[in-house]
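Student: Hi! I'd like to go through this model with you, beginning with how the chains meet. Could you show it to me?

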Amino acid sequence: MAQVYNWQLGREMDYRFEEAHPERQFAAVFNINRCIACQTCTMSCKSTWTFSRGQEFMWWNNVETKPYGGYPHHWDVKLLQLLEEANPGGQAWNSSQLGDRQPYGVYNGKTIFEAAADKGNEHALGYLPSDEEWTAPNIYEDTAMGAVGVPNESHLEATQLPEHKTWFFYLQRICNHCTYPGCIAACPRNAIYKRPEDGIVLIDQQRCRGYRKCVEQCPYKKPMYRPTTRVSEKCVACYPRVEGSDPLTGGLPMETRCVSTCIGKIRLQGLVRVEDGEWAEDRNNPLYFLTRVERVALPLYPQFGTEPNIYYIPPRWVPRPYLRQMFGPGVDEAIDRYTNPSRELLAVLQLFRASQTIIFRYAIEEGEKLEGTELFNDTAIGFDKNDNEVVRLSVREPFYERPQQFQNSI
Amino acid sequence: MLEGVAPRLAVATRLPRPALTAEGLRQLTAVLLGAALVETLLLRLVTRIGVHLPKEGVVTRAFESASFLGSIAFNFASLLAIALAVVVLASLARRMERGPAQLALIGLSVAMLSGLALSLTTDSPTADAVFGVAAALLVGAVGLVFAREANRTFGDRLALALIVAAYLSYQYYVLSHLFYRIFDYGAVPPLSISVLRLGEVLAVAAAAVAFWAWGLPRRRRVGTAGLAAVATVLLVLIFAGLSPYSTMAILALWTTGLSLILPFPVYLLALALYLLTLMACWRSGDGFWTAAGLLLVLLAGYMPEATYQHLLLLLGVAFLSRAVPWTAPHPAATA
Amino acid sequence: MRTSRRWTVLGITLLALMVAVGLTVSDMRLASSQTVTLVAKRSEAQVPADDPFDTVWSRANPVEVPLSAQTVVPPKAGGDRTITARALHDDERLYVLMEWEDDSEDSLVSSQTEFSDAAAVQFPVTPGETIPAFCMGDPNAPVNIWQWKAAWQTDIDEGFVDVEDTYPNASVDLYPFEDEDVFYPARALGNVFAQTERETPIDNLLAGSFGTLTQTSDQIVNGAGEWRDGHWRVLFAREMSVDGDYSQFAEGDSTNVAFAAWDGASDERDGMKSVSQFLTLEVSPDVAEGSGGVTVWIIVAVVLGAVALTLVLALYGRQRQRG
């Protein structure tokens, strides 16, 4: 066991391998507040990567309704339960001291790697979902949380922020391309690797022998076993698009299929620079800005310890204890900042799904104050890898009035 | 006592016996123990665990040096074990009255040693059979028969009987297969695996009884250092057993020839009791030969793979039985 | 007198040490292996490589080998698996037969949680020391492993098993580019696991140490496995002498062999398996004839003789009076 630094936990933790980092890290921010669960992302992924025999049950991208839904069923509840059993009552955070290297404080509980210490040669705590658990990927769709402890009872009275009593939300999930992946720790064949150029985690289809240790030990359950080829497969982060080798990209890094097809404009994906094992300060990278400067986007279940690289803007209406369990102690600050956004944040939020080309840098052009509001009509400009402008959007959406003579034309 | 007996036996005349006192034999035994311990650690244990170590640069060189030193220790210990076995068997024969029993013992000793010589020089299964049967009978005779007459307590005899019974169980497994092979009998020997498993249970039980018989009465002698040593061994094994390197802990136990059919903690407990007993005896003035015997039995292991390990076991049982005159509880010979 | 005796002990020690160094330098070990030996006799009858239950096997001499419980994940110990091993040769090929009890036949890998039963034999590539435990330890001594998999056997016996065999309604109506290998990446890359046309259920592997298991490009081991009445019988067959850095066999030679078995029903795969220690394997020039029951009486006679001898010792072995 080596000691590696996990900034999301604010401390060093046990991991099977020594710390090693890519030059850039694939990362994304998903804004849960805006998702309508249309599943366009899911279908675009399906029709790109998993339409063949043996992949029928595979959804590398899925959107599930929380708190009841899950693909595979109850994956997160099961993981949390395993962790709780391994360290009863000890899965707690100390957020009294925050800092650059510990933006959420220090996690004092056990990660899946630390809790696996009594599991012999297993490197991470986990379980192997059954066939049944992989079925019905959208089970409990739109099923709301009712009255706690009272079956078939809902709160019927009017409700308002900050906490809805009857609630649900959509959780969008792809592989987190973690900094310390459970799947890589689990693989006895060393058949899984993290690419040095972009941190994308891939299973070598030639070396894999179908042991399913990665399926068992990835806490997010994103590697999946394909009976037709007898080996495991997983989300590939649309690497031909991200590396710009897909003919469609014209050589420029391009967002993944699930991100670029998002109708609700909830997703922003890109690459962050890594230096000396940490995200290099890159204030004008929208991902860096959202997660490290504004801290409105939070990792999913950071307590698992894999340092996942998909960040979520938590839903504003959900009870905070549930959100803190899911996104860690940064939830309250994130929701406050998202509810009352700074001028810059409001501008950057416009960049979501604005271009297929990955935005490496943004700039803000200040605009005038909008009448009757506290908002400013600033303009956010996105630049590609070669620093060419690819997108320009203002806070106030352009308003076009259709001339009378075209009223009914298409 | 040794000086008083004329060298009548063929095997005995070739020995440097006249020049060796009980004290000398004690020193030689100590040297054997050291060599066997080094051999077990550097050769048997390290080579097994080594399978699981990365083999690069310094590690490879360290590994190869350890393996080479272990090989020297192996040959050295094997030579000493053969010599001491001859001395032990000769002195046993000498203390017996003339008669069929003495002849039988001499016969068995000669059979074992010639079986050993043939086994070392040829591939003949018959040589292995002669060695194996003679070794089994000698261990049985020394452990069960002679011990009866060496003023031993019930606990002494029970512990010894369990050790001997475990060895005989293993020998039944090996020798029954060997005889079926020699006589070309196309079947699996009856109950061979059952007896083998039974033997393992007996070996584990022997550790507990040994603690009761030899360890408990001397428990005050274990001392802090002894406790610390036992605790260290156990902690390493428990830690290894719980860690991702658990296979190493298991391989370490395999070195003692146990196939781990019982739950893992049972073996750890047995090992702890055994090591405590060993420490207690070692640090008691009167316990040297018991400690030496226990250590030899441990190093021989439950499944002795090589002739050399069988000899360690024979010596171990002989020392534990105190039937050999110069290991007797109140040694007149040292006077 | 005392001084000279002290010198005697030192002299014996030094002499023994010198001899020991001499033996070690000349690569010898002063011990011979006393482990169980598996003998491969010559079979005059033909040994069919596809039928592990053929009657020719009644002529081979079986040995019983204890296996450890799997030692990777808890519970790590406890369990008492045993295999029965037999071996034959016909001057050209070596045959090794493994038999063990398994309540369930786990020969499909179509579901997420199904794992295949499997069995393996392992030989040192170069037979070295006579004491088996040391063989695997030498970093310069790789091993050749032949692994049979029940799932591969099913592929051969019944054609490639796919999801539909477990879930008939799993398939959807349209599979675009169905015949293009690139959409079955493991298959496109030549991963043996993904092959649909198998010629052998046995994987030929080499390993130098832990974590270096490598599939070889020479799939030269044949054989077959069959489950009957709670028993697996798996037959491995290979030319005694082959090209490449694999274990070679020759009549009159001895080497070592170890066994392993996996129980799919217990989710065993990878290092989760039961293993034996090394045994001696002797490729004998003798003809396998099978034999009668007369020898049993010889064994009974030997055992009775031994008991009698012990009794003689017990009854007459009186200790001489001290003095």
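Tutor: Happy to! One term before we begin: two residues are in contact when they have heavy atoms within 4.5 Å of each other. Also keep in mind that this is a predicted model.

Student: Got it. So how many residues of chain C are in contact with chain A?

Tutor: On the chain C side there are 46, and they are in contact with 36 residues of chain A.

Student: And how much area do chain C and chain A bury between them?

Tutor: About 3500 Å², with 50% of it on carbon and sulfur atoms. Within chain C, the residues that lose the most area to chain A are Gln112(C), Phe193(C) and Arg269(C), which together make up 21% of what that side buries.

Student: What about charges? How many salt bridges run across the interface of chain C and chain A?

Tutor: The rule finds five. One example pairs the side chains of Arg53(A) and Glu178(C), at 2.4 Å from N to O.

Student: Which elements of chain C supply residues to that side?

Tutor: Among those that each supply at least two residues are strand S6 (143–149) and strand S7 (202–207) of chain C. Helix H2 (150–158), helix H3 (163–166) and helix H4 (185–188) of chain C do so as well. By class, the side of chain C that touches chain A has 26 nonpolar, eight polar and twelve charged residues.

Student: And how many residue pairs are in polar contact between chain C and chain A?

Tutor: The count is 24, with both residues at pLDDT 80 or more.

Student: Back to salt bridges. Which residue does Arg209(A) meet in one?

Tutor: Its partner is Asp203(C), and the side chains come to 3.2 Å, N to O. Arg209(A) sits in the loop between strand S9 (201–203) and helix H5 (213–217) of chain A, while Asp203(C) is in strand S7 of chain C, so this pair joins two chains.

Student: Are Arg209(A) and Asp203(C) buried or exposed?

Tutor: Arg209(A) is buried, and Asp203(C) is buried too.

Student: How many salt bridges are there over all chains?

Tutor: By this rule, 38. A pair inside chain A is worth a look: the side chains of Glu64(A) and Arg173(A) meet at 3.2 Å, N to O. Glu64(A) belongs to strand S4 (residues 62–66) and Arg173(A) to strand S7 (residues 169–173) of chain A, so the salt bridge ties together parts that are 109 residues apart in sequence. Both Glu64(A) and Arg173(A) are buried.

Student: Which residues are linked with Glu64(A) and Arg173(A) in a network of salt bridges?

Tutor: Lys66(A) and Asp76(A) are linked with them in that network.

Student: Nice. What does Glu365(A) form a salt bridge with?

Tutor: With Arg392(A), where the closest N and O atoms are 3.3 Å apart. Glu365(A) is in strand S16 (residues 361–365) and Arg392(A) in strand S18 (residues 389–394) of chain A, so here the tied parts are 27 residues apart in sequence.

Student: Why do Glu365(A) and Arg392(A) count as partly exposed?

Tutor: Partly exposed covers the range between 20% and 50% relative accessible area. Glu365(A) counts as partly exposed because its relative accessibility is 39%, and Arg392(A) does because its value is 43%.

Student: Changing topic: where does Glu114(A) lie?

Tutor: In the loop between strand S6 (106–107) and helix H3 (131–134) of chain A. Glu114(A) counts as buried because its relative accessibility is 13%. Its side chain reaches the backbone nitrogen of Asp14(A) at 3.5 Å. Leaving aside neighbours within four places in sequence, the residues in contact with Glu114(A) include Arg11(A), Met13(A) and Gly109(A).

Student: And over in chain C, what does the side chain of Thr35(C) make polar contacts with?

Tutor: Its partners include the side chains of Ser33(C), at 3.0 Å, and Thr280(C), at 3.4 Å. Thr35(C) is in the loop between helix H1 (2–25) and strand S1 (37–42) of chain C, and at 14% relative accessibility it counts as buried.

Student: Last one: how many helices and strands are there in chain A and chain C?

Tutor: Chain A has eleven helices and 18 strands, and chain C has five helices and 13 strands. Of the 410 residues of chain A, 58% count as buried; for the 323 residues of chain C, the figure is 51%.

Methods: Residues are numbered from 1 along each chain as its sequence is written. Chains are lettered from A and ligands numbered from 1 in the order in which they are written. This is a predicted model: local features need pLDDT of at least 70, side-chain atom pairs count only at pLDDT 80 or more; totals for chains, interfaces and linings use all residues. Side-chain values use heavy atoms; hydrogens and water are left out. Buried area is the accessible area (1.4 Å probe) that two parts lose on being put together, summed over both. A salt bridge is a side-chain nitrogen of Lys or Arg within 4 Å of a carboxyl oxygen of Asp or Glu. A polar contact is a pair of N or O atoms within 3.5 Å; within protein, one must be able to donate a hydrogen and the other to accept it, and residues adjacent in sequence count only if both atoms are side-chain atoms. Helices (H or I, at least four residues) and strands (E, at least two) are DSSP runs, numbered from the N terminus. Ala, Val, Leu, Ile, Met, Phe, Trp, Tyr, Cys and Pro count as nonpolar, Asp, Glu, Lys and Arg as charged, and the others, Gly among them, as polar. Buried means under 20% relative accessible area, exposed over 50%, partly exposed in between (1.4 Å probe, protein chains only).
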